[in-house]
Amino acid sequence: EAGALGPRMKTAAVTYDPARNLLIAATEDDTDFRSVGLIQVLQEELKGRIAQQRILGRGYVWVINSDGMYIVSKGRMRDGENILGARNDAGVYFVRDIIHRAHELGPEDTFVTRYVWRNGDDNSGRTKTAVVGYDREWGWVVGAGVYEDDFLNGLAAMRWHILGAALVFLVLGSLAAYALVGFMFNPLRTLQSVVAKGDLDAVVDERLLALNDEIGQLAQAFAVMMRTLNERVKQGEVVKLQLLNKNEEIEHAHRKLLQSTKMAAIGQLAAGVAHEINNPLAFVMSNLETLERYVAVYEEVLAEYEKLDAQKNFWRTVDEARQDLADVARKKKDCRLESLRYDMNEMFPELRDGLNRVKHIVTDLRAFSRTDQEMAAATDVTEVIEKVLTIVWNEIKYKAVIKKEYGKIPQVRCHAQRLGQVFMNVLVNAAHAVEAGKGVIRIRTSTRDGNACIEIEDNGCGIAPEHTARIFEPFFTTKPTGEGTGLGLSLSYDVLKKYGGDIHVVSEVGKGSTFTIILPAVPA
């Protein structure tokens, strides 16, 4: 059909009325037809077909959901009934066991189970054998079961006939009985082997399908069930592939969010880091200006010595030489060269210390801000904490005193940059929580149950009990609008979980908080 958006496919059901010589059709756009409603229609049609299947006369195919509700029962008389509480003589809830085992099946697996089933007022019950599979897309537990006494009664009657024939026709009857038993049992063994393998791609023997008895019906039922389950498994594989692709997209987005949050945190600390760099640089610049003046004085004195050297050939008397030497010595004394030399010797170590301080800050900042392209490796936790303290020091030093209680701690396998962001988030939050000038932040490291344990404790305002359970939720923050994204602790939680670690907090309003981080140690 040509429309504003171009041609569209339609689906039509057509019939013919010979009395009126009319073609009658009902049409629907193909895109509208392929909807959730179609799945419901297909399910209802499949339920009807399943309900019509019979196995050895009284055996049938049944379907239940994960709550034990009948989706399809015998004759559809008990659809919707809950049989989750059905028990055998030993008191075992066998329906729950069937559902539990079905949920553990792979996409192409089945299993065989035996249980006692009671109908109505039948207190004794009858033993059934069923082959069970699981359709994950619809959540259906599908079973095809038969009563074992149907098998046994038929076989017993058959044996009596064979024995009677053997009495009359000893030799011929024995041969006929042997052939008959083989004819009956071989198809059963063939069908049993197909069921036992649980191979959904296996083909049921055509000879079994051609039989017009209960065995033929059972074979046909299994063939239908295997085709249906196989289709569901293939659809499940497609969904699985889609989920894997979505997981990759989510992981990529998570990495970008982690890096963005890290760069935002560095941006918030940029002024402090700049201040930390500016102090040693200002000191270096001041010393360099002083050195420049000292060098100018040295050059002035050196010029006097060069002038003296040039005049030595023109001295006529010793007194003239002594006078010129005395003038240069006086100039040297007036310029305080000895004092200048002492000051210069003191300046060089101080200049070196100042530049090393700048180098240390810049190196730690670069290591913290770069992306995580390297593989996770064994990491020294104490070294990571020290690098982070360098970056956040200006954020902390005016508010709190850092007290380090480093103990023996094993190395952990992780990305040092990601772990550093975890410590940075917790330390900055602690600095924001304490009262300026009165804060104390303790950092303790130890080994707990063979794992690395890091505790960061502050004496700040604490966290309200109703907020404690939510602080690791994305975008949750108790800070005023514009002062926090609510992602710091959430991303920290995700990072630690990825490395097999954990983080939890103990807090009391008005007394402070203690964040405990646990990370598995690198195997020895």
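Biologist: Among contacts between residues at least 6 apart in sequence, what percentage join residues at least 24 apart?

Modeller: In this predicted model, the figure for the protein chain is 61%. A contact here means heavy atoms within 4.5 Å.

Biologist: How many helices and strands does the secondary structure of the protein chain come to?

Modeller: There are 14 helices and 15 strands. The chain has 524 residues, and 37% of them count as buried.

Biologist: Why is Glu-148 called buried?

Modeller: The cut-off for buried is under 20% relative accessible area. Glu-148 has 19%, so it is buried. The residue belongs to helix α4, which covers residues 148–168.

Biologist: What makes the pair of Glu-148 and Thr-129 a polar contact?

Modeller: A polar contact needs N or O atoms within 3.5 Å, one able to donate a hydrogen and the other to accept it. The side chains of Glu-148 and Thr-129 make such a contact at 2.5 Å. With neighbours within four places in sequence set aside, Glu-148 also touches Arg-114, Thr-127 and Lys-128.

Biologist: Why is strand β7 called largely enclosed by the rest of the structure?

Modeller: Strand β7 spans residues 126–135, and eight of its 10 residues are buried, so the description follows.

Biologist: How do you know that β7 pairs with β6, and what joins β7 to β8?

Modeller: Two strands pair if there are at least two bridges between them. Seven bridges join β6 to β7, and eight join β7 to β8. Both counts satisfy the rule, so β7 pairs with β6 and with β8. The strands run antiparallel in the β6 and β7 pair, and likewise in the β7 and β8 pair. On one side, Val-116 has Thr-127 of β7 as its bridge partner; on the other, Gly-133 stands opposite Val-142 in β8. The hairpin of β7 and β8 has four residues between the strands, and there Gly-139 takes a positive phi near 70 degrees.

Biologist: What makes the phi of Asn-21 worth a remark, as a residue other than glycine?

Modeller: Most residues other than glycine have a negative phi. The phi of Asn-21 is positive, near 55 degrees. Asn-21 sits in the loop between β1 (10–17) and β2 (22–29).

Biologist: Why is Asn-21 called exposed, while Arg-76 is called partly exposed?

Modeller: Exposed means over 50% relative accessible area, and partly exposed is the range between that and the buried cut-off of 20%. Asn-21 has 57%, so it is exposed. Arg-76 has 30%, so it falls in the middle class. Arg-76 is not a glycine either, and its phi is positive at about 60 degrees. Its place is the loop between β5 (70–72) and α3.

Biologist: How do you know that Gly-354 counts as buried?

Modeller: The relative accessibility of Gly-354 is 8%, which is under 20%, so the residue counts as buried. Gly-354 lies in helix α10, residues 337–369.

Biologist: How far apart are Gly-354 and Pro-280 in sequence and in space?

Modeller: They are 74 residues apart in sequence, and their C-alpha atoms are 4.9 Å apart. Beyond its sequence neighbours within four places, Gly-354 is in contact with Pro-280 and Val-284.

Biologist: How many cavities of 30 Å³ or more does the count come to?

Modeller: The count is four. The largest cavity holds about 150 Å³ of space. It is lined by 14 residues, and the closest to its centre are Leu-46, Ile-50, Val-142, Met-225 and Thr-228. Two or more lining residues come from each of α2 (36–52), β8 (140–147) and α7 (214–268). Helix α7 gives the largest share, six residues.

Biologist: What classes of residue make up the lining of the largest cavity, and what is the make-up in the second largest?

Modeller: In the largest cavity the lining has nine nonpolar, two polar and three charged residues. The second largest cavity, with about 100 Å³ of space, has 10 nonpolar, no polar and one charged. Its lining includes Tyr-60, Trp-62, Tyr-115, Trp-117 and Lys-128. Tyr and Trp count as nonpolar and Lys as charged, so Lys-128 is the one charged residue of that lining. At least two of the lining residues come from each of β4 (59–64), α3 (94–103) and β6 (111–117).

Conventions:
Residues numbered from 1 in each chain as written. Predicted model: local features only at pLDDT ≥ 70, side-chain atom pairs only at ≥ 80, totals over all residues. Heavy atoms only, no water. 1 Å grid on protein atoms, 1.4 Å probe; cavity = no way out; pocket = protein on both sides within 12 Å on 5 of 7 lines; lining within 4 Å. Points joined across faces, edges and corners; volume = space filled by probe spheres on them. Buried < 20%, exposed > 50% of the residue type's maximum accessible area, 1.4 Å probe, protein only.
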